[in-house]
Amino acid sequence: MPLAIDSSSPAIATSAGITATTSSFTPPANSKLLIGWSGNSDTGNPPGNPTITDNLGTHLTYVLGDFASHSDSPAASGMA
């Protein structure tokens, strides 16, 4: 099945801080959500793995598909 962007998808969430929040949305039944993340650090320590939460009564299960980081002193970056 090809990937498709559903009209219920929220706008891209960006944040210069620790937390980024999207607007509320309801994906179609049996959807898979793909969440892309990238982060930078102004220290030599790579950012940690991202965590995803939701506000549902029965929470969704989130599985980290891949994560990579590299140290480029004096900064570091990571993406999942």
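Where is the place of Leu64 in this chain? Select Leu64 to begin, and you will find this residue in the loop between strand 1 and strand 2, in a model that is predicted. With a relative accessible area of 45%, Leu64 counts as partly exposed, because that value falls between the 20% limit for buried and the 50% limit for exposed. Now add Asn49 to the selection: the two residues are 15 positions apart along the chain, and their C-alpha atoms are separated by 8.6 Å.

**The whole chain**

Before going further, show the whole protein as a cartoon, where the secondary structure comes to 3 strands and 0 helices, arranged along the sequence in the pattern β-β-β. If you switch on a surface, its accessible area comes to about 6,900 Å², and 55% of that belongs to carbon and sulfur atoms. Of the 80 residues in the protein, 9% are buried. Among contacts with a sequence separation of 6 or more, 42% are between residues that lie 24 or more positions apart.

**Asp54 and its surroundings**

Next, select Asp54, which lies in the loop between strand 1 and strand 2, the latter covering residues 68–72. Which side chain of opposite charge is nearest to Asp54? That side chain belongs to Lys32, and it is 16 Å away, so Asp54, although buried, has no salt bridge, for which a distance within 4 Å would be needed.

Display the neighbours of Asp54 instead, and, leaving aside residues up to four places away in sequence, you will see that it touches His59, Leu60 and Tyr62. With Leu60, look at the backbone, where the nitrogen lies 3.0 Å from a polar atom of the Asp54 side chain. With Tyr62, look at the side chain, which is joined to that of Asp54 by a polar contact of 3.3 Å.

**A nonpolar patch**

Keep Leu60 and Tyr62 selected and add Leu33, Ile35, Ile52 and Leu56, since these residues form a nonpolar patch on the surface, with about 480 Å² of accessible area together. One of them, Ile35, can be picked out in the segment before strand 1, a strand that covers residues 38–41. Is Ile35 buried, exposed or partly exposed? Its relative accessible area is 42%, and therefore Ile35 is partly exposed.

**Before strand 1**

Stay in the segment before strand 1 and select Asn30, which has a positive phi of about 65° although it is not a glycine. This is worth a look because most residues other than glycine have a negative phi. Asn30 counts as exposed because its relative accessibility is 81%.

Ser7 also has its place in the segment before strand 1, and with a relative accessible area of 78% this residue is exposed. If you draw a distance from the C-alpha of Ser7 to that of Pro28, you will find 9.6 Å in space for two residues that are 21 apart in sequence.

**Into strand 1**

End the tour by selecting Gly39, which is found in strand 1. Why does Gly39 count as buried? Its relative accessibility is 12%, and a residue counts as buried because its value is under 20%. A last distance can be drawn from Gly39 to Ala16, 23 residues apart in sequence, whose C-alpha atoms are 9.4 Å apart in space.

Note on methods
Residues are numbered from 1 along each chain as its sequence is written. This is a predicted model: local features need pLDDT of at least 70, side-chain atom pairs count only at pLDDT 80 or more; totals for chains, interfaces and linings use all residues. Side-chain values use heavy atoms; hydrogens and water are left out. Patches are made of residues with over 30% relative accessible area and no salt bridge: like charges are joined within 9 Å, nonpolar side chains (Val, Leu, Ile, Met, Phe, Trp, Tyr) within 5 Å. Accessible areas come from the Shrake-Rupley method with a 1.4 Å probe; for residues, only the protein chains shown count as cover. Helices (H or I, at least four residues) and strands (E, at least two) are DSSP runs, numbered from the N terminus. Buried means under 20% relative accessible area, exposed over 50%, partly exposed in between (1.4 Å probe, protein chains only). Lys and Arg count as positive and Asp and Glu as negative; His and the chain ends are not counted. A polar contact is a pair of N or O atoms within 3.5 Å; within protein, one must be able to donate a hydrogen and the other to accept it, and residues adjacent in sequence count only if both atoms are side-chain atoms. Contact means heavy atoms within 4.5 Å.
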